[in-house]
Amino acid sequence: MSSDDIALAEKLTKRRARGSIVLGIFFLVTMATSLGVDFPANRPQTLKLAAWIVWAAALVFLLAVGGGLFRGKSVRALMNDESTIENRRRGMVAGFWATVLSAFALYAITFYEPISGREVIRLLLSAAVGASIIRFGILEQRSLGHG
């Protein structure tokens, strides 16, 4: 591994940590703006829901893979070291607990307000993805000594 690979991996890791937090928060905020839209009849709302699906999938992919796909094998190895793997695992645990707590809350809400199956799935998936990616970013920031 060259010093260029190490410098590049460090730069990309820092960017991934900051980006994970920002993207996770932005994802949750934009999801909240589309609450109540179950099956939209107009094009802007349909595009908003389609974008939410693509965005959720992209964040899950980022969390699962860790980035650096278009970089060399050595850069990917440096970016996905043992601490990153542990941070990713802990991020996924946070997503699990966010989903469980959201499921309890949604169950209680259904006694007062009907919620469609699609809306429940969107809320649970958003809680899981948002909590996972934000927690991962926070842990990565701490690992890098920036938090």
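# Reading a helical model: pairs, cover and patches

Visitor: In which helix do Glu-86 and Arg-89 lie, and how many residues apart are they?

Guide: Both residues belong to helix H4, and they are three residues apart, about one turn of the helix. Please keep in mind that this is a predicted model. The side chains of Glu-86 and Arg-89 meet in a salt bridge, with 2.5 Å from N to O.

Visitor: Are Glu-86 and Arg-89 buried or partly exposed?

Guide: The class depends on relative accessible area: under 20% is buried, over 50% is exposed, and partly exposed lies in between. Glu-86 has a value of 33%, so Glu-86 is partly exposed. Arg-89 stands at 44% and therefore counts as partly exposed.

Visitor: How many salt bridges does the whole structure contain?

Guide: The search finds four. The criterion is a side-chain nitrogen of Lys or Arg within 4 Å of a carboxyl oxygen of Asp or Glu. One of the four joins Glu-10 and Lys-14 at 3.3 Å, N to O. These two residues lie in helix H1, four residues apart, about one turn of the helix. Glu-10 is partly exposed because its relative accessible area is 42%; Lys-14, with 27%, is partly exposed as well.

Visitor: What does the salt bridge between Arg-16 and Glu-140 look like, and which helices hold the two residues?

Guide: The side chains of Arg-16 and Glu-140 meet at 2.9 Å, N to O. Arg-16 lies in helix H1 and Glu-140 in helix H5, residues 117-143, so the pair ties together parts that are 124 residues apart in sequence. Both Arg-16 and Glu-140 are buried.

Visitor: How many helices and strands does the chain have?

Guide: There are five helices and zero strands. Along the sequence, the pattern reads α-α-α-α-α. Of the 147 residues, 31% count as buried.

Visitor: What span should H1 have at 1.5 Å a residue, and how far apart are its end C-alpha atoms?

Guide: The check sets an expected span against the distance between the end C-alpha atoms. For the 30 residues of H1 the expected span is 44 Å, and the end C-alpha atoms are 43 Å apart, which agrees. H4, with 28 residues, should span 40 Å, and its end C-alpha atoms are 40 Å apart, which also agrees. H5 has 27 residues and reaches 39 Å from first C-alpha to last, close to the 39 Å expected. H5 is followed by Gly-145, whose phi is positive, near 80 degrees.

Visitor: Which residues of H1 and H4 are buried?

Guide: In H1 the buried residues include Ala-9, Leu-12, Ile-21, Phe-27 and Met-31, and polar residues also appear, among them Thr-13, Arg-16 and Ser-20. In H4 the buried residues are Thr-84, Asn-87, Arg-88, Gly-91, Gly-95 and Leu-106. Asn-87 illustrates the cut-off: its relative accessibility is 5%, so Asn-87 counts as buried.

Visitor: How far is Asn-87 from Arg-142, in sequence and in space?

Guide: Sequence separation and spatial separation are read as two values. Asn-87 and Arg-142 are 55 residues apart in sequence and 9.9 Å apart in space, C-alpha to C-alpha. A second pair can be read likewise: Ser-102 and Val-120 are 18 residues apart in sequence and 9.3 Å apart in space, again C-alpha to C-alpha. Ser-102 is placed in helix H4. At 21% relative accessibility, Ser-102 counts as partly exposed, because the buried class requires a value under 20%.

Visitor: Which residues form the nonpolar patch on the surface?

Guide: Val-93, Phe-96 and Trp-97 form this patch, with about 310 Å² of accessible area together. Trp-97 is found in helix H4, residues 82-109. With a relative accessible area of 49%, Trp-97 is partly exposed; the exposed class would require a value over 50%.

Visitor: Which residues gather in the patch of positive charge?

Guide: Lys-11, Arg-15, Arg-18 and Arg-71 gather in this surface patch. Arg-18 lies in helix H1, residues 3-32. At 46% relative accessibility, Arg-18 counts as partly exposed. Helix H1 thus offers several readings: the buried residues, among them Ala-17 and Gly-24, the salt bridge between Glu-10 and Lys-14, and Arg-18 of the positive patch.

Conventions:
Residues are numbered from 1 along each chain as its sequence is written. This is a predicted model: local features need pLDDT of at least 70, side-chain atom pairs count only at pLDDT 80 or more; totals for chains, interfaces and linings use all residues. Side-chain values use heavy atoms; hydrogens and water are left out. Patches are made of residues with over 30% relative accessible area and no salt bridge: like charges are joined within 9 Å, nonpolar side chains (Val, Leu, Ile, Met, Phe, Trp, Tyr) within 5 Å. Accessible areas come from the Shrake-Rupley method with a 1.4 Å probe; for residues, only the protein chains shown count as cover. Buried means under 20% relative accessible area, exposed over 50%, partly exposed in between (1.4 Å probe, protein chains only). Lys and Arg count as positive and Asp and Glu as negative; His and the chain ends are not counted. The place of a charge is taken as NZ of Lys, CZ of Arg, CG of Asp or CD of Glu. The expected span of a helix is 1.5 Å times one less than its number of residues.
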